[in-house]
Amino acid sequence: RHEGGSRQEEGHGMEEDHDTAEGREASRAPCASLNRKKAALDFALEGEITNPHLAAFAATPLRRALLEDARFDYWRRYSRCKKELIESWAALEQLRRCVRRLFPSSAAADADAHRTGAGLAFVELCSGRGCLSMLLAHEFPDATIHMCDADARMKLPHLTHPSMRNVTFHLEDVFRDDAEVTVRDAVAEAERTGGKCLVVGVHLCGDLARRAVELWRRSGAHALVLCPCCLPRRRRADAFGFHVADQARKMRVDAYALWCVMLYGLLATGGRDGDGDEK
C-alpha cells in the first residue's frame with residue numbers, strides 16, 4: 001500500500017509452509033524447480049547456512065514467497081539482499097524483545113500483541129526496499145507498519161503481495177517535517193486502541209541516526225531500535241558528532257563504539273541540535 005492510495009491488493013496472507021526437514025532441504029536448493037535464472041537470494045540460501053539470522057529466515061514461509069513470487073523478483077535480484085536479511089532479522093529480534101517488555105502480562109491483549117501484533121505500530125525510517133518491514137509484516141500480520149524513505153526511484157512491486165497488506169510506504173525525507181508528522185500520527189493511531197508504537201532504523205548513516213533519536217523523542221513513541229552505520233561527515237563544526245573520529249583516536253577507543261555511546265546519551269538527555277539549543 002502506498003501513501004495516499006488504496007490498498008493495491010488484498011489477501012489472507014501467504015500459504016503456510018511449515019518448518020519441516022523437507023522445507024529446510026528445499027531452502028538449500030531454491031532453484032531446483034523454478035523456471036528462472038539464479039538470483040542473489042538463491043545464492044545466499046544455497047548450501048549450508050551458518051549465519052543464525054539467515055537460517056531463521058530460511059525456516060519461515062516468507063522464504064518461499066521471496067523465491068517463487070514474481071512480485072519479489074526485483075528484491076531477490078538485489079545484490080545486498082543477504083546482508084539486509086541478516087541485519088533486518090537481528091533488528092526483528094530486538095523488536096520482539098521490546099514488544100515483550102511493552103506487553104509483559106499474560107492478558108489476552110498482551111498475548112495478541114506478542115502473537116499477531118494487534119495494537120502495534122512500527123515506523124521504519126530510511127527503509128529502502130523495506131526488508132525489515134517485510135519481516136515485520138510476516139511476524140506481526142495485525143500490526144500497522146510504515147516504511148519511510150526519500151528514494152523515489154525504488155521499485156516496490158512486492159508491496160502488492162498479500163503478506164504486505166498492512167504496510168504503507170511514505171515517500172519522505174526524514175529530516176523534513178512530514179516525516180515527523182508520520183511518526184506522530186503512528187503513535188496517536190496506536191494509542192487510540194491502547195497499543196504502542198515502535199520506531200526502528202537499520203543501517204542509518206551519519207546524522208540520520210541522530211535524527212532517528214530526535215524523531216523518537218519528539219513523537220512520544222514507546223520504543224526505539226537503532227542500528228547506526230557510518231560516522232557523521234566532517235563538514236560542520238557545529239554538527240552533533242562531527243568530531244567523533246578525532247575523539248576516539250585520542251581516547252584510543254573504537255570510533256563506531258564511541259558514536260553509539262554518544263547516540264545513547266541523546267536518548268536520556270535529549271542532547272543539543274546543530275544550533276546548540278537544548279532538546
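This is a dialogue on how to read a few features of a predicted protein model.

Visitor: What helices and strands does the protein have, and how many of each?

Guide: The model is predicted. The protein has 12 helices and five strands. Its chain holds 279 residues, and 47% of them are buried. The exposed surface comes to about 14,200 Å², with 49% of that supplied by carbon and sulfur atoms.

Visitor: Among contacts with a separation of 6 or more, what share comes from residues 24 or more positions apart?

Guide: That share is 63%. Thr144 and Ala118 give a case of two residues distant in sequence: they are 26 residues apart along the chain, and their C-alpha atoms are separated by 8.5 Å.

Visitor: How should I read a nonpolar core?

Guide: Start with the general idea. In soluble globular proteins, nonpolar side chains tend to be buried together. In this model the largest nonpolar core has 46 residues, and Phe57, Leu120 and Phe122 touch the most other members. Helix α6, residues 81–102, gives the largest share of this core, with nine residues. A second core, separate from that one, has 28 residues, including Leu125, Ala248, Met262 and Leu266.

Visitor: Which residues does Leu120 touch, leaving out those up to four places away in sequence?

Guide: On that count, Leu120 touches Val99, Phe103, Ala113, Phe140, Ala143, Thr144, Lys196 and Leu198. Take Thr144 from that list and look from its side. Thr144 is in strand β2, which covers residues 144–149. Again leaving out residues up to four places away in sequence, Thr144 touches Leu120, Ala121, Phe122, Asn166 and Glu189.

Visitor: What should I look for in the phi angles?

Guide: The sign is a good place to begin. Most residues other than glycine have a negative phi. Two residues here go the other way. His203 is not a glycine, yet its phi is positive, near 65°. Arg252, also not a glycine, has a positive phi of about 60°.

Visitor: Where does His203 lie, and where is the place of Arg252?

Guide: His203 lies in strand β4, residues 196–204. Arg252 is in the loop between α11 (244–251) and α12 (255–269).

Visitor: Is Arg252 buried or exposed?

Guide: Exposed means over 50% relative accessible area. Arg252 has a relative accessible area of 79%, so Arg252 is exposed.

Visitor: What is the relative accessible area of His203?

Guide: For His203 the value is 33%. Under 20% would be buried, and partly exposed lies between the two cut-offs. His203 is therefore partly exposed.

Terms used: Residues numbered from 1 in each chain as written. Predicted model: local features only at pLDDT ≥ 70, side-chain atom pairs only at ≥ 80, totals over all residues. Heavy atoms only, no water. Helix = DSSP H or I, 4+ residues; strand = E, 2+ residues; numbered from the N terminus. Buried < 20%, exposed > 50% of the residue type's maximum accessible area, 1.4 Å probe, protein only. Contact = heavy atoms within 4.5 Å. Areas by Shrake-Rupley, 256 points an atom, 1.4 Å probe, with all protein chains shown as cover. Core = buried A, V, L, I, M, F, W, Y, C linked by side-chain atoms within 4.5 Å.
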